[in-house]
Amino acid sequence: RMNPRRLQVEDYRDSLLRIAGSLDDKVYGLSQDLDAETNNRRTIYGRIGRGRLTNLLKIYDFPDPTQTSPSRDLTTTPLQQLFVLNGPFLRAQANSLVKSIDSEPDTNARIKALYRKILARDPSPNESEIAKNYLAQSDLPGLAHVLLSTNEVLFQK
């Protein structure tokens, strides 16, 4: 069994967009600002400026674009977690994801659909119970946001 590997920020952002059904997979075209809320294109089409690095790339160890860099340092910082917990990007993906499961008939089916879309598996009975308890105090976009924030999404097996 292989050790899990943390995704690079480009792969992480693209997988969040894909999971939420928001990914614009059009190829070619002009680059776009990665910090723009309307940018749903793959991260490879993000604009890299030498004078101004986007916030997303800056907090996830993107090397200085004015210098050569043979590799990227891998850090875990509080800013990365704040991006995941409080950033508008993840909230928008959670909201988009919830819209895609609105047609599910009941809470159990919605929880199961979220787990399948986000983690590609069914929830365990214990996870289902935890999700139901969470929903008694919060809402479905909040649960989707929590699931998108898990290490199962950030780490590749």
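Reply: Let's start with a term. A polar contact is a pair of N or O atoms within 3.5 Å, and within protein one of them must be able to donate a hydrogen and the other to accept it. Keep in mind that the model here is predicted.

Me: Okay, which residue's side chain makes a polar contact with the side chain of threonine 43?

Reply: That's arginine 13: its side chain pairs with the side chain of threonine 43 at 3.2 Å, so the pair falls within the 3.5 Å cut-off. A polar atom of the arginine 13 side chain also lies 2.8 Å from the backbone oxygen of arginine 41.

Me: Is arginine 13 buried or exposed?

Reply: Buried here means under 20% relative accessible area, and exposed means over 50%. Arginine 13, which lies in helix α1, has a relative accessible area of 3%, so this residue counts as buried.

Me: And which residues does arginine 13 touch, not counting residues up to four places away in sequence?

Reply: Leu34, Asn39, Asn40, Arg41, Arg42, Thr43, Leu56 and Phe89. You've met Arg41 and Thr43 already, as partners of the arginine 13 side chain.

Me: Let me zoom out. How many helices and strands does the protein have?

Reply: Eight helices and two strands. Going along the sequence, the pattern reads β-α-α-α-α-α-α-α-α-β. The C-alpha trace spans about 50 × 35 × 30 Å along its principal axes, and 36% of the 157 residues count as buried.

Me: What do people look at when two helices pack?

Reply: Two packed helices are described by the angle between their axes and the distance between the axes. Take α1 (residues 9-20) and α4 (residues 88-100): the angle is about 25° and the axes are 8 Å apart.

Me: So are α1 and α4 parallel or antiparallel?

Reply: Angles under 35 degrees count as roughly parallel, so α1 and α4 are roughly parallel to each other. On the α1 side, the residues that meet α4 are Tyr12, Arg13, Leu16, Leu17, Ile19 and Ala20. Their partners in α4 are Phe89, Leu90, Gln93, Ser96 and Leu97. Sorted by class, this contact has eight nonpolar, two polar and one charged residues.

Me: What about α4 and α7, at what angle do their axes cross?

Reply: Roughly 120°, and the axes of α4 and α7 (residues 140-148) come within 8 Å. That angle makes the two helices oblique to each other, and their crossing is right-handed. From α4, the contact uses Leu90, Arg91, Gln93, Ala94, Asn95, Leu97 and Val98, while α7 brings Leu140, Pro141, Ala144, His145 and Leu148. Those residues divide into eight nonpolar, three polar and one charged.

Me: Which residues does α6 use to contact α7?

Reply: First the geometry: the axes of α6 and α7 come within 9 Å and cross at roughly 135°, which makes α6 oblique to α7. This crossing is right-handed. The α6 residues are Ala131, Tyr134 and Leu135, and they meet Leu140, Gly142, Leu143 and Val146 of α7. By class you get six nonpolar, one polar and no charged residues.

Me: Can you show me residues that are apart in sequence? How far apart in space are isoleucine 59 and leucine 79?

Reply: They're 6.4 Å apart, C-alpha to C-alpha, with their positions 20 residues apart in sequence. Isoleucine 59 lies in helix α2. Leaving aside neighbours within four places in sequence, isoleucine 59 is in contact with Thr77, Leu79, Gln80 and Phe83. For the whole protein, take the contacts with a separation of 6 or more: residues 24 or more positions apart account for 51% of them.

Me: Last one. What should I expect for phi?

Reply: Most residues other than glycine have a negative phi. Tyrosine 28 has a positive phi, near 70°, and alanine 120 has a positive phi of about 60°.

Me: Where are tyrosine 28 and alanine 120 placed?

Reply: In loops: tyrosine 28 is in the one between α1 and α2, and alanine 120 is in the one between α5 and α6. Tyrosine 28 is exposed, with a relative accessible area of 64%. Alanine 120 is exposed too, at 68%.

How values were computed
Residues numbered from 1 in each chain as written. Predicted model: local features only at pLDDT ≥ 70, side-chain atom pairs only at ≥ 80, totals over all residues. Heavy atoms only, no water. Axes fitted to C-alpha atoms, helices over the stretch in contact; angles between N-to-C directions. Helix = DSSP H or I, 4+ residues; strand = E, 2+ residues; numbered from the N terminus. Parallel < 35°, antiparallel > 145°, perpendicular 65-115°, else oblique. Contact = heavy atoms within 4.5 Å. Nonpolar A, V, L, I, M, F, W, Y, C, P; charged D, E, K, R; others polar. Left-handed = near helix turned anticlockwise from the far one by under 90°. Buried < 20%, exposed > 50% of the residue type's maximum accessible area, 1.4 Å probe, protein only.
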